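User: I am new to this structure and would be grateful for a close look at a single part of it. Please explain how that part fits into its surroundings.

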Amino acid sequence: MTSRKMLLAESADLIDVKVNLVKDRLWVHEINKHRLSEGEFHTLFNKLKNHPIKFFENCRMSEPTFYIILEAIRSEIEKQDTNFRKAIPVEERLFLTLR
């Protein structure tokens, strides 16, 4: 086989690999599809708010301190919703960062 034919064959193989990679991409992974109902923040955070000691153990701060910090950094970490997906709320972003 000539070198030109070998290069064309290799290029075709690379294109096939790239096409398969694009097909396998997911917009939202299956694990995260039920995050709003089954995710750590949505199941744990509201329960912790009713138990100040557990809230402190999980966040290493009291609930009032959490909200003071949240308001101080809200504008820095807040994202906008798009037509494609909803942004992660600032409370969730901060809580999961502290965890």
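Which residues of α4 are buried?

Analyst: In this predicted model, the buried residues of α4 are Phe55, Asn58 and Cys59. Around the helix axis they span an arc of only 80°, so they lie on the same side of α4. The cover over these buried residues includes α3, α5 and α6.

Some context helps to place this helix. The protein has six helices and zero strands, and along the sequence its pattern reads α-α-α-α-α-α. Of its 99 residues, 16% are buried. Among contacts between residues at least 6 apart in sequence, 45% join residues at least 24 apart.

Two of the buried residues of α4, Phe55 and Cys59, also belong to the largest nonpolar core, which has twelve residues. Its other members are Phe41, Phe45, Leu48, Met61, Phe66, Leu70, Ile77, Val90, Leu94 and Phe95. At least two residues of this core come from each of α3 (40-49), α4 (52-59), α5 (63-77) and α6 (90-98).

Phe55 deserves particular attention. With a relative accessible area of 1%, Phe55 counts as buried because the cut-off is under 20%. Phe66, at 0%, is buried as well. The two rings form an edge-to-face aromatic pair, with 5.7 Å from centre to centre and 85° between the planes. This pair links distant parts of the chain, since Phe55 lies in helix α4 and Phe66 in helix α5, eleven residues apart. Ring pairs also join Phe55 and Phe66 with Phe41, Phe45, Tyr67 and Phe95 in a cluster. In total, seven aromatic pairs are counted.

Just beyond the helix, the chain continues with Arg60, whose phi is positive, near 65°. Met61, another member of the core, touches Phe55, Phe56, Phe66, Ile69 and Leu98, leaving aside residues up to four places away in sequence.

Helix α4 also carries a charged pair. Glu57 forms a salt bridge with Lys54, and their closest N and O atoms are 3.2 Å apart. The two residues are three places apart in helix α4, which means that about one helical turn separates them. In contrast to the buried Phe55, Glu57 is partly exposed at 40% relative accessible area, and Lys54 is partly exposed at 45%. This is one of five salt bridges counted.

The view from α6, which helps to cover α4, completes the picture. In α6 the buried residues are Val90, Glu92, Leu94 and Phe95, and they pack against α2 (35-38), α3, α4 and α5. Val90, Leu94 and Phe95 belong to the nonpolar core. Glu92 is buried too, with a relative accessible area of 2%. Beyond its neighbours within four places in sequence, Glu92 is in contact with Arg35, Phe41 and His42. Glu91, by comparison, is partly exposed at 23%, and its side chain meets that of Arg74 in a salt bridge of 3.7 Å, N to O. That pair joins helix α6 to helix α5 across 17 residues of sequence.

In summary, α4 has its buried residues on the same side, where the cover includes α3, α5 and α6, while Glu57 and Lys54 form a salt bridge within the helix.

Note on methods:
Residues are numbered from 1 along each chain as its sequence is written. This is a predicted model: local features need pLDDT of at least 70, side-chain atom pairs count only at pLDDT 80 or more; totals for chains, interfaces and linings use all residues. Side-chain values use heavy atoms; hydrogens and water are left out. A nonpolar core is a set of buried Ala, Val, Leu, Ile, Met, Phe, Trp, Tyr and Cys residues joined through side-chain atoms within 4.5 Å. Buried means under 20% relative accessible area, exposed over 50%, partly exposed in between (1.4 Å probe, protein chains only). Helices (H or I, at least four residues) and strands (E, at least two) are DSSP runs, numbered from the N terminus. Contact means heavy atoms within 4.5 Å. Rings of Phe, Tyr and Trp (its six-membered ring) pair if their centres lie within 6.5 Å; planes under 30 degrees apart count as stacked, over 60 as edge-to-face and the rest as tilted. The arc is that of the directions from the helix axis to the C-beta atoms. A salt bridge is a side-chain nitrogen of Lys or Arg within 4 Å of a carboxyl oxygen of Asp or Glu.
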